Structures are given as structure tokens and as C-alpha cells.
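Load the model and set up a cartoon with side chains available on demand. The stops below go from the whole chain to single residues.

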Amino acid sequence: MKLLLDSTRCQGYGLCQEPAPELIDLDEWGYAQMRATEVPQGDEEAAETAVAACPNAALRLVK
């Protein structure tokens, strides 16, 4: 499973990072930056929660 970011849709709310800090960092302005695109086994739920938390649908999961 891969977690992908469309940085053109990110508005810097930072809501995605809280449920998945091992996958997503925030830059100095609060915009998401991927730490990893491959979702490690056991982190699938965190990735799904991060996708659901994004109000601009900037994140998506590809299985």
C-alpha cells in the first residue's frame, strides 16, 4: 500500500500528520511532506485515518 500526496491540493491544515507522524511531516508552514510513501505493515489504519482527516483530499491510498 502506498500513501500519495498531491501537494497542489494541500492547504497546510496539518490534520493529516497527527494520526500518522511516522509517514507524514509538516514543513515550517504546516504543509504536508511525505516521510515515506510505502505504508509499513501495521500502519495501514494510521494512513487511512490521515487520508480521512484531510479536508482537501490531498492524500490518497493506492493498494
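Contact means heavy atoms within 4.5 Å. By that cut-off, residues 24 or more positions apart account for 54% of the contacts in the protein with a separation of 6 or more. This is a predicted model: local features need pLDDT of at least 70, side-chain atom pairs count only at pLDDT 80 or more, and totals for chains, interfaces and linings use all residues. Residues are numbered from 1 along each chain as its sequence is written, and side-chain values use heavy atoms, with hydrogens and water left out.

**Whole chain**

Colour by secondary structure. You should find one helix and four strands. Helices (H or I, at least four residues) and strands (E, at least two) are DSSP runs, numbered from the N terminus. Trace the chain from that end: the order is β-β-β-α-β. The radius of gyration is 10 Å, close to the 11 Å of the globule rule for 63 residues, so the protein is as compact as a globular protein of that length. That radius is taken over C-alpha atoms, and the rule is 2.2 Å times the number of residues to the power 0.38.

Now orient along the principal axes. The C-alpha trace spans about 30 × 20 × 15 Å.

Switch on the surface. Its accessible area is about 4,000 Å², and carbon and sulfur atoms own 45% of that. Areas come from the Shrake-Rupley method with a 1.4 Å probe; for residues, only the protein chains shown count as cover.

**The core**

Hide the surface and colour by burial. Buried means under 20% relative accessible area, exposed over 50%, partly exposed in between (1.4 Å probe, protein chains only). Buried residues make up 27% of the 63.

Select Leu3, Cys16, Ala20, Leu23, Ile24, Ala50 and Leu59. These have the most contacts inside the largest nonpolar core, which has 14 residues. Helix H1 (residues 44-53) gives this core its largest share, three residues. A nonpolar core here is a set of buried Ala, Val, Leu, Ile, Met, Phe, Trp, Tyr and Cys residues joined through side-chain atoms within 4.5 Å. In soluble globular proteins, nonpolar side chains tend to be buried together.

Centre on Cys16. Which residues is Cys16 in contact with, leaving aside neighbours within four places in sequence? Show Ile24, Ala32, Ala50, Ala53 and Leu59.

**Strand S3**

Next, pick Gln33, in strand S3. Gln33 is partly exposed, at 41% relative accessible area. Outside its neighbours within four places in sequence, it touches Leu5, Leu23, Ile24, Asp25 and Asp27. Draw a C-alpha distance from Gln33 to Asp6: 10.0 Å in space, across 27 residues in sequence.

**Three loops**

Step back to Trp29, in the loop between strand S2 (24-26) and strand S3 (32-34). Is Trp29 buried or exposed? Trp29 is exposed, with a relative accessible area of 61%. From Trp29 to Tyr13, 16 residues apart along the chain, the C-alpha separation is 9.3 Å.

Move on to Pro40, between S3 and H1. Pro40 is partly exposed, at 37%. The C-alpha atoms of Pro40 and Leu23 are 9.1 Å apart, with their positions 17 residues apart along the chain.

Finish at Ala57, in the loop between H1 and strand S4 (59-62). Check its backbone: phi is near 55°, a positive value in a residue other than glycine. Most residues other than glycine have a negative phi. Ala57 is partly exposed, with a relative accessible area of 44%.
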